[in-house]
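Please look over the sequence and the three-dimensional structure below before reading on. The report that follows moves from single contacts to the chain as a whole.

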Amino acid sequence: MISTIVFDVGDVLVDFRYEDHMRDLGFSEEAVRTLSEKMVLTEFWGEMDLGLRTEQDAREKFCRELPELRQEVIRFWENTQGLVREYPYAQPLLHSLKALGYGVYVLSNYPTETAEKHWPTFRFLPEADGYLISGFEKIAKPDPKFYRLLEERFDVNLSECLFIDDREKNIAGAEAVGMKGLLFTGYEKLLQDLEALGIKVN
């Protein structure tokens, strides 16, 4: 039985568009490749997700490590509003699931400072019954403690939860604590997968 549906945010409900964000800021393709590899897709970003590092830490670290891209690094961190863009389907999807009687929650790995800027703008957020942000909790997926925090804080039954995420390791983490996992590969496929579980979204 599924009574509760839990969503990841990045690349599920919002587009984590860091490359296009850099292009919007006028960065060269070489700069986009370098900053993607050496700044965004690094363990340091994971430390930001855990609330252990700040945007100021990031500016200082990557200006020091990538002096040839110092201006780009500064511009990136001064304009983080454009890092994500909410998918048009996000709010209607959560609204429809709520209307069907499901509990809806959000469980996200997200740095604190960017969350403070982005999350108030998300139209889907008021549809959720609750949410957990890794940066504020100092714990992140796929740590089992992060999933169990849902149960502790919101009194949900993990065995009745469907967890939707775009990363296999996070799905594995959810399944390890008794949740049912569903790997997100696209909106239309998600609707098909939900219908196969008896959840027909209008």
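Two residues are said to be in contact, or to touch, when heavy atoms of theirs lie within 4.5 Å. The structure shown is a predicted model, and everything below describes that model.

**N170 and the loop before α9**

With this meaning of contact in hand, we can begin at N170, which has its place in helix α10, made of residues 168–176. Not counting residues up to four places away in sequence, N170 touches K141, P142, Y147, F163 and D165. Is N170 buried or exposed? Its relative accessibility is 4%, and because residues under 20% are called buried, N170 counts as buried.

Two of the residues that N170 touches, K141 and P142, are joined by a peptide bond that is cis, with omega near 5 degrees. P142 itself lies in the loop that runs between α8 (134–137) and α9 (144–154). The loop between α8 and α9 also holds K138, whose phi, near 60 degrees, is a positive value in a residue other than glycine.

**The loop between β1 and β2, and strand β2**

Another residue with a positive phi is D11, a residue other than glycine whose phi is near 65 degrees; its place is in the loop between β1 and β2. Strand β2, residues 14–16, contains D15. Leaving aside neighbours within four places in sequence, D15 is in contact with L83, V84, R85 and Y87. The pairing with R85 shows how the chain can bring distant positions together, for D15 and R85 are 70 residues apart along the chain, yet their C-alpha atoms are separated by 5.1 Å.

The reverse can be seen with I74, which lies in helix α5 (residues 70–78). I74 and Y89 are 15 residues apart in sequence, while their C-alpha atoms are 33 Å apart in space.

The table gathers the relative accessibility of the single residues discussed so far.

| Residue | Relative accessibility | Class |
|---|---|---|
| N170 | 4% | buried |
| I74 | 18% | buried |
| D15 | 24% | partly exposed |
| D11 | 27% | partly exposed |
| K138 | 48% | partly exposed |

**Helix α6 and its partners**

Helix α6 spans residues 90–99, and within this helix A90, Q91, L93, L94, S96 and L97 are buried. What do the buried residues of α6 pack against? They pack against the strands β1 (4–7), β3 (84–86) and β4 (103–108), and also against helix α11 (187–196). Just after α6 comes G101, which takes a positive phi of about 100 degrees.

Some residues of α6 appear again among the partners of F124. Once neighbours within four places in sequence are left aside, F124 is in contact with V9, L13, V14, E86, A90, Q91, L94 and V106.

**The nonpolar cores**

In soluble globular proteins, nonpolar side chains tend to be buried together. In this model, the largest nonpolar core has 54 residues, and those with the most contacts inside this core are F7, F124 and I164. Helix α2, residues 29–40, gives the most to this core, with five residues. A second core, separate from the largest one, has 17 residues and includes L107, L132, V156 and M179.

**The chain as a whole**

Taken together, the secondary structure of the chain comes to 11 helices and seven strands. Of the 202 residues of the chain, 50% count as buried. Among the contacts between residues at least 6 apart in sequence, 66% join residues that are at least 24 apart.

How does the overall size of the chain agree with that of a compact globule, and what is its radius of gyration? For 202 residues a compact globule would have a radius of gyration near 17 Å, and the chain has 18 Å, which agrees. Along the principal axes, the C-alpha atoms fill a box of roughly 55 × 30 × 25 Å.

The accessible surface of the chain comes to about 9900 Å², and 46% of this surface belongs to carbon and sulfur atoms. As for charge, the chain has 24 positive and 37 negative side chains, and the centres of the two sets lie 2 Å apart.

Key
Residues numbered from 1 in each chain as written. Predicted model: local features only at pLDDT ≥ 70, side-chain atom pairs only at ≥ 80, totals over all residues. Heavy atoms only, no water. Core = buried A, V, L, I, M, F, W, Y, C linked by side-chain atoms within 4.5 Å. Buried < 20%, exposed > 50% of the residue type's maximum accessible area, 1.4 Å probe, protein only. Helix = DSSP H or I, 4+ residues; strand = E, 2+ residues; numbered from the N terminus. Rg over C-alpha atoms; globule rule 2.2 N^0.38 Å. Areas by Shrake-Rupley, 256 points an atom, 1.4 Å probe, with all protein chains shown as cover. Lys, Arg positive; Asp, Glu negative; His and termini not counted. Charge placed at Lys NZ, Arg CZ, Asp CG, Glu CD.
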